[in-house]
Every structure is written in structure tokens, then in C-alpha cells.
Amino acid sequence: MTMNQVQLLSQIATNDGHGENSAFFDGWKAYDSDPYHPTRNPSGVIQMGLAENQLSFDLVQEWVRNNPKASICTAEGSNGFKDIAIYQDYHGLPEFRNAVARFMEKVRGNRVRFDPDRIVMSGGATGAQETLAFCLADAGDAFLVPTPYYPGNDRDLTWRTGIQLLPVVCESSNDFKITRRALETAYKNAQESNIKVKGLLLNNPSNPLGTVIDRETLTDSLLFTNEKNIHLICDEIYSATVFSQPGFTSIAEIVQENTDCNRNLIHIVYSLSKDLGFPGFRVGIVYSYNDIVVNCARKMSSFGLVSTQTQHLIATMLSDDVFVDRFIAESSKRLEIRHGILSAGLAQVGIGSLKSNAGLYCWMDLRRLLKEPTFEAELELWQVIINDVKLNVSPGASFHCSEPGWFRVCFANMDGETMMVALNRIHKFVTQKKGSDQESGRKQCRSSKLEISLSFRRLDEMKMAAPHKMSPHSPMSSPLVRART
Ligand SMILES: Cc1ncc(COP(=O)(O)O)c(C=O)c1O
């Protein structure tokens, strides 16, 4: 950008707040310039950097076929076209808010109630985060965020609002759990730097960890934020991706149990991007217990409304209890199977991953493959994985992880065959690396190769046993749109 342009344009237009200039995007560029295709480009880059839930689209497509009236562009639905196409109240269609509130309750085992009048729409969770940031803080103020965290937070909460994020450092020694000590340290550091902390942002289940936050930690976070009189924002957009025990606990349950807590400080961010796998629909939700925030967020929602056509379709779909129950159960079953295939495949070549039970990814531990325990070495290894192994995985540094050597690997945005190709590439890479690293271990390497290929055959068998669990492959596109999911 020339100096002249910098002077002509706003600070937002000319700063790097969106974050697209980071090294993280090299992986996307590599994928975009050489995307894998089973027949047309079998040696291309496989996209494992995209947290997208594509495993259950067959169920949705079947529902869409059986409910043509829900789509206003069909013969059956066209009578409703005009009413949907004209201006609507920015509160959102009542049937949409009701259906979303009921869906959120269902995902939480009907243990809590959500008031449809507190449901505020936004353009995805991305818009919801920014709306909340605008409602809760001023430029220069800060939110605390436990690490590692979703890189998009840096863009969504800070770019246009001017607020800042401060890390609450979590470590692998206790499986990256959030401790009271880490919260207090982050808060104290901010105070010492004269930064006003306005809130704590939690992501439950976590991207990138794939773990749920337990009841005690949630309660402790609520008490901590209440004590400091700061806000608690819980991003719960992966709530229906939990596929095994321990189950998901929503902050809404903790609020319900702690009757004397200050509810005005509690806010939930939700979207249908992960649980239903509809990021293209941009259905995001702010759910606040604070009346002023609900009111202000609703006014702000004019800048990022969900189209009425989408509201109409989603309202009809989510009001179908039989479909919703089946989808939630089947989707988590398929995620569990896919997660099992990936984590078992990694384990067979000696790669560990954090024990997880949610999300659309594994948090892979490659610390022992680093030349040295530094982020430079992590970047170097990542470049090898992209350029030679041809897998676009995401390095821990982009999630602000405090320890080098962790990588996020997504598993739900591809079909089962592509997953097997990816695992075979990892297998080959690790065994070759072992061979070149350990001069003396060549013999041993050959026998382990045999063992591994036998194990991979077992994985194939698992896949054959459940062929219907595999999703159709669908192509990816723009790194700019998808880069930070
Ligand atoms: C934790 C988290 N929050 C928010 C978002 C943004 O979601 P949306 O696509 O609904 O804007 C993502 C997307 O990956 C995410 O992982």
C-alpha cells in the first residue's frame, strides 16, 4: 500500500486487523493453488484446516426434498414468496426465534429454557461476537481469552471495535484446562499495564481443543467474573458436536443453578455454522441475560440480519422435532466415528492427540517431531507438512498456543476416502522421518512399517463396516472467507 493510500483511507482500511497477512494463510494459498481431487489431482493438497461439518448433509437434503413448502422458490412454497421478500421487522420472524430457542434447549438436553425474546440475530457467530464487543466495551478495553483460542477472535472482536484480547495462558500439563490462577494472573497483568478488563471470553466446546469445559471450571469462571464485575461471554457454537462423555454443560445451566449471580454480566454466542453445518447461511445469535444489551444488540442487528428467506427455511426445519432429534443423534454418532478413525490412525504411527470428545478436529501433538521446542521449528515443520506431505493443517501458533508443536487437524469437511489418503500420507511421512532421523533404527523401522500398514488395513475395514457413515466430498473455496474457521 502506498503512503498516499494510507493517508487517503481510514485506519481500519489500512491496518492489518483482519489478519490475512499472517503466515497462517500460506497454507490456504497452498491448498487453493493445488487442491486435492481423487482422480483429477490425487497428489494435491488435502484441506484439513477447515472446521466444517459436512458429515450429515444427506439427512438435510432428504428433509429439503420432503418439505418443498419450506423453500419459497418451489411450486409448493411460492405462495409465501411475497410475504417473505418484503421488509421484515428486525426482531426476526417470531417463528424463527421460537425455533432457534427450542433448538438451543434441545441441544442442552432440555435442562434450560431460552426466552425467544432474548434471541438477537447476527451474521454468524462472527457478527455476534462483534456486536457483543460493541455493546460491552470501548476501544482500548480488553477481554481475557484462554489459550489456545480460535484465531478469528482476533478479527471478530478487535478489528473494527478497537478493543484488545489478552491471553489467559493454559498449558498441556493439565490438558489446557482453565485455572483460577491463570485467570487471576491475566487479570493482574492487565491491571499492571493499566488496561481495563471488561470481560472473559470462553469457547465451550473449544476450538481448537475439541474438549468441553467442566461444570466446576464454568462455575469458577462465573464466580471470577462476577467478583471482578466483568462480563462473561460463552461462545457455544460447537455445543451439538459433543459425541461422547463427559457431556456438554452450558453456561445457561450454571446461571440457572447460581440464582444469586449477576445475570446482567452473562452472554451466549451461538450459530448454526457448526452444529447444523450451515456456515453459508450466516445464522448467528446473541443471547444475553442483560436487557440493555439485548436492546442495543437488536438495534445493531440491522447491520447483519439473517435474510428472511433463510429464517423461514430454518424456522420450518427446526420446528420438525423428528428431524431435529434424528439429526442431532446421527450427526454426533458420525462425528464420533470419524474422530475415532483419525485419532486411531495418528496413534498407530505414534502421534498423540489431546483426548477430546467434541468439535470437528483433533489437537495433534507433534512436539517430538520438532527440531527444537520453538515456534520457528513449528513453522518449519508446518511448511514441510504443507509442501511435502500436502496436508493443510493449522499450526498451534495461529491459535496463540503457548507451547510449540501442536497442530489442529480437521476431520469433518471431507469424505472417508480422502481421510484415508490423508492418514496414509501422515503414515508415510512419519516413517520416512523416523528412518532419516535414526540411522541405527532402519531395521526396526521396516518392521514398524509392516505393522502400520497392517493397522491401516484395519482402519479400512472399520470404514467398510460403516460405509454409510462417510459423507460426500465437497470442494472448498475462498481462503479469505473460510480462512479462520
Ligand atoms: C469458536 C468459533 N467461534 C466463532 C466462529 C465463527 O462462526 P460463524 O461461521 O458462525 O461466523 C468460529 C468458526 O470457525 C469458531 O470456531
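The protein folds into 18 helices and 13 strands. Keep in mind that this is a predicted model. Of its 485 residues, 45% are buried. If you look at contacts between residues at least 6 apart in sequence, 73% of them link residues at least 24 apart.

**The sheet**

- Seven strands, lined up as β2-β8-β7-β6-β5-β3-β4, make an open sheet with mixed pairing.
- At the edges sit β2 (119-123) and β4 (164-168), each of which pairs on one side only.
- Going from one strand to the next, the twist averages 25 degrees.

**The β2 edge**

- How much of β2 is buried? It's mostly covered, with 4 of its 5 residues buried.
- The partner of β2 is β8 (residues 283-288), and the two run antiparallel, held in register by 5 bridges.
- If you want a spot to find this pairing on screen, go to V120 in β2, whose bridge partner in β8 is V286.

**β3, β5 and the helices on the sheet**

- Strand β3 (residues 142-146) runs parallel to strand β5 (residues 197-203), and 3 bridges join them.
- Within that pair, A142 is across from V197 of β5.
- Helix α10 (residues 215-228) packs on the sheet too, where it touches β5 and β6 (231-235). The direction of α10 makes about 145 degrees with that of β6.
- Helix α9 (residues 180-192) lies across three strands, β3, β4 and β5. Relative to β4, helix α9 runs at about 140 degrees.

**Where α7 meets α12**

- A pair of packed helices is described by the angle between their axes and the distance between the axes.
- For helix α7 (residues 124-136) and helix α12 (residues 291-300), the axes come within 10 Å and cross at roughly 125 degrees.
- That angle is why α7 counts as oblique to α12.
- Is the α7 and α12 crossing left-handed or right-handed? It's right-handed.
- On the α7 side, the contact uses T131, F134 and C135. On the α12 side, V293, C296, A297 and M300 take part.
- What sort of residues make up this contact between α7 and α12? They split into 6 nonpolar and 1 polar, with no charged ones.

Definitions and conventions: Residues numbered from 1 in each chain as written. Predicted model: local features only at pLDDT ≥ 70, side-chain atom pairs only at ≥ 80, totals over all residues. Buried ≥ 20, exposed ≤ 12 C-beta atoms within 10 Å, placed from the backbone. Contact = placed C-beta atoms within 7 Å. Pairing = 2+ DSSP bridges. Axes fitted to C-alpha atoms, helices over the stretch in contact; angles between N-to-C directions. Parallel < 35°, antiparallel > 145°, perpendicular 65-115°, else oblique. Left-handed = near helix turned anticlockwise from the far one by under 90°. Nonpolar A, V, L, I, M, F, W, Y, C, P; charged D, E, K, R; others polar.
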